[in-house]
Amino acid sequence: MITLKSRREIETMAQAGRIVHDTLELMRQIVEPGMSTEDLDREAERFIRSHPGATPSFKGLYGFPKTLCTSIDEEIVHGIPSARRVLAAGSVVSVDVGVCVDGLHADSAATIPVGPITPEVERLLEVTQESLVAGIGAAIIGNHVGDIGHAVQQVAEGAGYGVVRELVGHGIGARFHEEPQVPNFGSPKRGPALREGMTLAIEPMITMGGHATRTLKDKWTVVTADGSLAAHFEHTVAITADGPRILT
Ligand code: MG
Ligand code: MG
């Protein structure tokens, strides 16, 4: 079932979304070579809990043990923060974070460079962000979920990159993952119609190679099957009469 949120609920999700945004900004500021992903996780959890009433959405979700997902280089999503995973210069780390306020969630992700990166990797990050912007631009009343995926796919594949199929965006609200699924590929006018009050996590996962994935033995970390580099950018977006409103 797709739930439509009231204005008040959307404002609460925007409060959670602001904390999500600020957490990612903090991560951008502190990421540097030599840090572990556990260090990032600890800072993120401390920061989120410093806001009265705010809790990390991921901790305990389906048994996930941490506040952040931290996915390095060919890891696409769901990497588990660890003291043994130390960031190296020239790498990228995708940081995914969710926050709950008053029983409502917001979700966002960004791929952050660790020190200087090559122009090729820089371009992957730029194009992935452009594909997210295109997807958000299609999140308007009158369009369908397929229009969002189509917009993302046009930008990413147009630049020669792979679009991950097995993992998709999602509705979000009182539950972290709600209907509908929001694929990063698709056809215009297909899928559920977009209606005022829908809140969606739109999250392109784009690779420098193919779109196939596999999951590591830790049962969480999803990597590109061909070992190519991946990027992940995500925003939580409300469908409003005035157009898409980014809550994160
Ligand atoms: Mg996320
Ligand atoms: Mg998400």
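Tutor: Strands (E, at least two residues) and helices (H or I, at least four) are DSSP runs, numbered from the N terminus. This is a predicted model, in which local features need pLDDT of at least 70, side-chain atom pairs count only at pLDDT 80 or more, and totals for chains, interfaces and linings use all residues. Residues are numbered from 1 along each chain as its sequence is written, chains are lettered from A and ligands numbered from 1 in the order in which they are written, and side-chain values use heavy atoms, with hydrogens and water left out.

Student: In which strand does S108 lie?

Tutor: Buried means under 20% relative accessible area, exposed over 50%, partly exposed in between (1.4 Å probe, protein chains only). S108 counts as buried because its relative accessibility is 2%. Its side chain reaches the backbone oxygen of E234 at 2.6 Å. The strand that holds S108 is β5 (residues 104–113).

Student: Which residues coordinate the magnesium ion (ligand 2)?

Tutor: Donors are N, O and S atoms within 2.8 Å of the metal (3.2 Å for Na, K and Ca); water is not among the atoms, so sites may look incomplete. Here the coordination distances are 2.0 to 2.2 Å. The residues are D107 (OD), H170 (NE2), E203 (OE) and E234 (OE).

Student: How many residues apart in sequence are the parts that H170 and E234 tie together?

Tutor: Both H170 and E234 coordinate the magnesium ion (ligand 2), and both are buried. H170 lies in strand β7 (residues 169–171) and E234 in the loop between β13 (230–232) and β14 (235–240), so the parts tied together are apart in sequence by 64 residues.

Technical notes:
A polar contact is a pair of N or O atoms within 3.5 Å; within protein, one must be able to donate a hydrogen and the other to accept it, and residues adjacent in sequence count only if both atoms are side-chain atoms.
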